[in-house]
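Please open the structure in a viewer and keep the selection tool at hand. The stops below are meant to be followed in order.

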Amino acid sequence: MGTLSRGDVEHVAHLARLGLTADELARLEVQLNHILDQYAVLSGLDTDAIPPTAQTIELENILREDVARPSLERAEALANAPERDERNVIVPAILGGD
Amino acid sequence: MPDPGLTRLTAVAMSDRLRAGDLSSRELVDAHLARAERENPALNAWLVIDEAGARGAADEADARLAQARRNGAEALAVLHPLCGVPVGLKDLVSVRGGQCTAGSRILAGYVSPYDAHITERLRAAGAVILGKLNMDEFAMGSSTEHSAYGPAANPWDLGRVPGGSSGGSAASVAAGHVPLSIGTDTGGSVRQPAALTGVVGMKPTYGRVSRYGIVAFASSLDQVGPFGRTARDAAMLLHAIAGRDARDSTSAPRPVPEDLLHLPASDDEAAAGLRGFRLGLPREYFVAGMEAGVEARIREAVAALAAAGAEIVDVSLPHTDYGLATYYIVAPAEASANLARYDGIRFGHAVRGGDVLANYVATRGSGFGPEVKRRIMLGTYALSAGYYDAYYLKAQKVRTLIKADFDAAFGSGIDALVAPVSPFVAWPFGARLDDPVAMYLADVCTLPVNMAGLPGMSIPAGLSDGLPVGLQLIGPAWSELALFRLARAYEAITAGAAWRGTEPSGLAALRAQEVGVP
């Protein structure tokens, strides 16, 4: 298993959309590598023939009728948005152009 | 001045007196509010104490109780025993119109637009919600030091941690601010703080309690669980919140045993249940680094159970040692996905940095604390291209082996496992804060249970150096009732122990000032 360089830490922070200061990046490089060292124990286990477990209860998909049901009022759903008008959450533009 | 003695009653005793009409919910709630207000500056267990809401709910409960008393025994029997009883909620359970910070700055100012399923259930039962309890940010931590709102303290020693992540939930019950509270347990976050504060805490089977309206951490592991000072009290709270809810597709359509409300009141009857009960003692749970005082209390508890008629069988759960690594891949991976929703657009903390990417980076960078950032980084890395198979898939395969260990033990005729909860008693603030791995080791005995989706609980098993030690009981899926009966039996056989009557020592100085208050 791998070792994380400072560049790797910066790349992962970008993937996670996390703003990190230089101090935080330096600390995380040390701490994440220390934690990854703990993972090494797993490579000693032969799991080629073992199926993965994603969840532990034996529930099948549960479906319901596709019918409209009461939900939050629009004003309630919008109330927590940092930027909003009466009908919409206002989001930054994601496409270029003037 | 309300009677502080009311805060020492069990929830069962409160319930009996409320029904009999010789105590009102309002008196009870006032007594608990007074204690919580007085001691919270020292404990920081509560992020919100909702005096007005609690008094209103208490008056409603009193009206329901009075009406039922007028209508006779049958009407009283229909009321849930929690009617009029104060409870506290970890601050990641949604209560309509109130805050829900999950211990994070990124949810500061957020107002829940709806009630969680369990909030609806508690309201329907007539329980009185006193407020919201402190926790490690997004339930990531074992000490409550990772709360953005300051650490909670341990009622046994105000210079020590109460455990975590549900540290406020545990501390509030240990201190008598509420008889009951709600926590969540993803890797030990109910059981470990219960152990460190000397109360009862259960993590039910995965799927037993709906998570609708509860802030998600790791969705294949998170479960909601009750805290109380006795097995009967905690069982009563589980009864109120458990059961299928269509809004959480992982909540299971399993009947909730009514007998959770009818655990034996008599010590003799409770202890008799131990006869022929087969208890497995997993040798791998006596981990390196375990404090001698903790191991001694666990061995004594096992000996007491054996002396009372339980059969003790040594068992092996050989993949226990892989639990920590497996958990710290799976849980951060799921967390990194769940926490992607905190984008500063639809709700919560928002910082504008320029374009959309800069907004995300600025919002998340300033909104999340250090432990949450670490876990998001770990999880993002474990799921990233080229590492998925080596980390996440590998961990899911080892999870299969961990679960198979438990299946084999229970398949061999073991009724329940008994083990330590935490390798150590409550530690001083700061002692594990600088080394994340040292903090993670606090949960080494609890997180395999989450990996396998099983019910587990912590019950008080005495003191080491004056600090509480928890005994862990682990059962097969859906065996919560059997675990509560076992817990009740252990209470019965240790009813005369000197430590049973010991008040949390850290609050003694505060309470000494109450002497002379009428």
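The tour goes from the contact between two chains to a strand and then to a helix.

This is a predicted model, in which local features need pLDDT of at least 70, side-chain atom pairs count only at pLDDT 80 or more, and totals for chains, interfaces and linings use all residues. Residues are numbered from 1 along each chain as its sequence is written, while chains are lettered from A and ligands numbered from 1 in the order in which they are written.

**The contact between the chains**

Select chain A and chain B together. The contact takes 43 residues from chain A and 58 residues from chain B, where two residues are in contact if their C-beta atoms, placed from the backbone, lie within 7 Å. On the side of chain A that touches chain B, two or more residues come from each of α1 (6-15), α2 (22-39) and α3 (74-78) of chain A. Helices here are DSSP runs of H or I with at least four residues, strands are runs of E with at least two, and both are numbered from the N terminus. The largest share of that side, seven residues, is given by α2(A).

**Strand β9 of chain B**

Next, select residues 416-420 of chain B, which form strand β9. Five of its five residues are buried, so the strand is largely enclosed by the rest of the structure; buried denotes 20 or more other C-beta atoms within 10 Å of a residue's own, with C-beta atoms placed from the backbone. Add strand β7 (residues 278-282) of chain B, which runs parallel to β9(B) and is joined to it by two bridges. Here B:G280 has B:L417 as its bridge partner. Then add β11 (residues 467-474) of chain B, which pairs with β9(B) in the antiparallel sense over four bridges; strands pair if DSSP finds at least two bridges between them. In this pairing, B:A419 is partnered by B:Q472.

**Helix α12 of chain B**

Finally, select residues 356-367 of chain B, helix α12. Which residues of α12(B) are buried? They are B:N359, B:Y360, B:V361, B:T363, B:R364 and B:G367.

How values were computed
A residue is buried if 20 or more other C-beta atoms lie within 10 Å of its own, exposed if 12 or fewer, and partly exposed in between; C-beta atoms are placed from the backbone. The expected span of a helix is 1.5 Å times one less than its number of residues.
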